[in-house]
Amino acid sequence: YIQFRSLANVAEPLVDSGNPYATLSINKIQQTATRDGKKEWSLEASSGHYLDETRRLLLKDVKVTFFLKDKSEIILIADQGTLNTDTNNIEVSGNVVLKNNEYRLSTENLSYLHEQRVLYSKTPVKISGASAELAAKSLSFDIDAKRLTLEGGVATTINEDFTL
């Protein structure tokens, strides 16, 4: 009894919301979005603060895995982000990295439109791979069509060892 009583008085650490408007604060968040029984993306974050007024979840240390039709994956990592719980749209910022097996994209801000399955950035982006590097002022990527559009000051550097 004495040992049980001692353990019962140990409180779990509370989540410090850091946001006075947060309705709910949570550690270790995981959420998966599905459509027609298929996973479209899976989100993980170290913490989140839900704002009931705007129906947004403010996230820290964000990781989103996007699932493509060909069973491949794209992984998005960022310092912070926002999930709109009504639309499932996601916005991330701070050391944003988007990568797959072949390429790595880096930027400061990136957004995801859930209904269209489009990733886009209006801030400068850099894409690097084994054979080339690309840079542009903005980017749009249609996940389902696997179509990348770069705009504004597009520059390409092809590695010396690259052969056609």
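This report walks through the fold, core, pockets and a few individual residues of a predicted model.

## Overall architecture

Let us start with the chain as a whole. Its secondary structure comes to one helix and 12 strands. Reading along the sequence, you meet the helix and then the run of strands, in the pattern α-β-β-β-β-β-β-β-β-β-β-β-β.

The protein chain has 164 residues, and 32% of them count as buried. Its exposed surface is about 10,900 Å², with carbon and sulfur atoms supplying 49% of that area. As for contacts with a separation of 6 or more, 33% are between residues 24 or more positions apart.

## The nonpolar core

In soluble globular proteins, nonpolar side chains tend to be buried together. Here the largest nonpolar core has 30 residues, and Trp41 and Phe66 are the ones with the most contacts inside it. Several strands feed this core: E1, E2, E3, E4, E5, E6, E8 (125-129) and E10 each supply at least two residues. The largest share, five residues, comes from E3.

Trp41 is a good place to centre your viewer. Leaving aside its neighbours within four places in sequence, Trp41 is in contact with Gln31, Thr32 and Ala33, with Val64, Thr65, Phe66 and Phe67, and with Leu83, Asn88, Ile90, Tyr112 and His114. Phe66, its partner at the top of the core's contact ranking, is thus also among the residues that Trp41 touches.

## Buried residues with hydroxyl side chains

Three further residues, two serines and a threonine, are worth a look. Ser47 lies in strand E2 and counts as buried, at 11% relative accessibility. Beyond four places in sequence, Ser47 touches Ile26, Asn27, Lys28 and Ile29, as well as Leu58, Leu59 and Lys60. Since strand E1 spans 24-35 and strand E3 covers residues 56-67, you can follow these contacts from E2 to both strands. Thr65 is in strand E3, and its relative accessible area of 11% makes it buried. Outside its sequence neighbourhood of four places, Thr65 is in contact with Glu40, Trp41 and Ser42, and also with Glu73, Ile74 and Ile75.

Ser121 belongs to strand E7 (residues 118-121). With a relative accessible area of 2%, Ser121 is buried. Not counting residues up to four places away in sequence, Ser121 touches Thr107, Asn109, Leu110, Ser138 and Leu139. If you would like a distance to check, the C-alpha atoms of Ser121 and Glu91 are separated by 9.7 Å, with their positions 30 residues apart along the chain.

## The two largest pockets

The largest pocket has a volume of about 480 Å³. It is lined by 19 residues, and the closest to its centre are Ile74, Asn100, Glu102, Tyr103 and Phe141. The elements giving two or more residues to this lining are strands E4 (73-84), E5 (90-99), E6 (103-113) and E10 (138-142), with E6 providing the largest share, three residues. By class, the lining divides into 10 nonpolar, three polar and six charged residues.

The second largest pocket has a volume of about 300 Å³. Its lining consists of Arg35, Asp36, Lys38, Lys39, Glu40, Phe67, Leu68, Lys69, Lys71, Arg117 and Asp144. Strand E2 makes the largest contribution here, with three residues. The classes in this second lining are two nonpolar, no polar and nine charged.

## Backbone points to check

Most residues other than glycine have a negative phi. Two aspartates in this model have positive values. Asp36, which is not a glycine, has a phi of about 55°. Asp36 lies in the loop between strand E1 (24-35) and strand E2 (38-51). Is Asp36 buried or exposed? Asp36 is exposed, because its relative accessible area of 75% is over the 50% cut-off. Asp36 is also one of the residues lining the second largest pocket.

The other case is Asp61, where phi is near 50°, again a positive value in a residue other than glycine. Asp61 is found in strand E3 (residues 56-67).

Conventions:
Residues are numbered from 1 along each chain as its sequence is written. This is a predicted model: local features need pLDDT of at least 70, side-chain atom pairs count only at pLDDT 80 or more; totals for chains, interfaces and linings use all residues. Side-chain values use heavy atoms; hydrogens and water are left out. Helices (H or I, at least four residues) and strands (E, at least two) are DSSP runs, numbered from the N terminus. Buried means under 20% relative accessible area, exposed over 50%, partly exposed in between (1.4 Å probe, protein chains only). On a 1 Å grid over the protein atoms alone, a cavity is a set of points where a 1.4 Å probe fits but cannot get out, and a pocket is an open set with protein on both sides within 12 Å along at least five of seven lines; lining residues have an atom within 4 Å of a point. Grid points are joined across faces, edges and corners, and a volume is the space filled by probe spheres set on the points. Ala, Val, Leu, Ile, Met, Phe, Trp, Tyr, Cys and Pro count as nonpolar, Asp, Glu, Lys and Arg as charged, and the others, Gly among them, as polar. Contact means heavy atoms within 4.5 Å. Accessible areas come from the Shrake-Rupley method with a 1.4 Å probe; for residues, only the protein chains shown count as cover. A nonpolar core is a set of buried Ala, Val, Leu, Ile, Met, Phe, Trp, Tyr and Cys residues joined through side-chain atoms within 4.5 Å.
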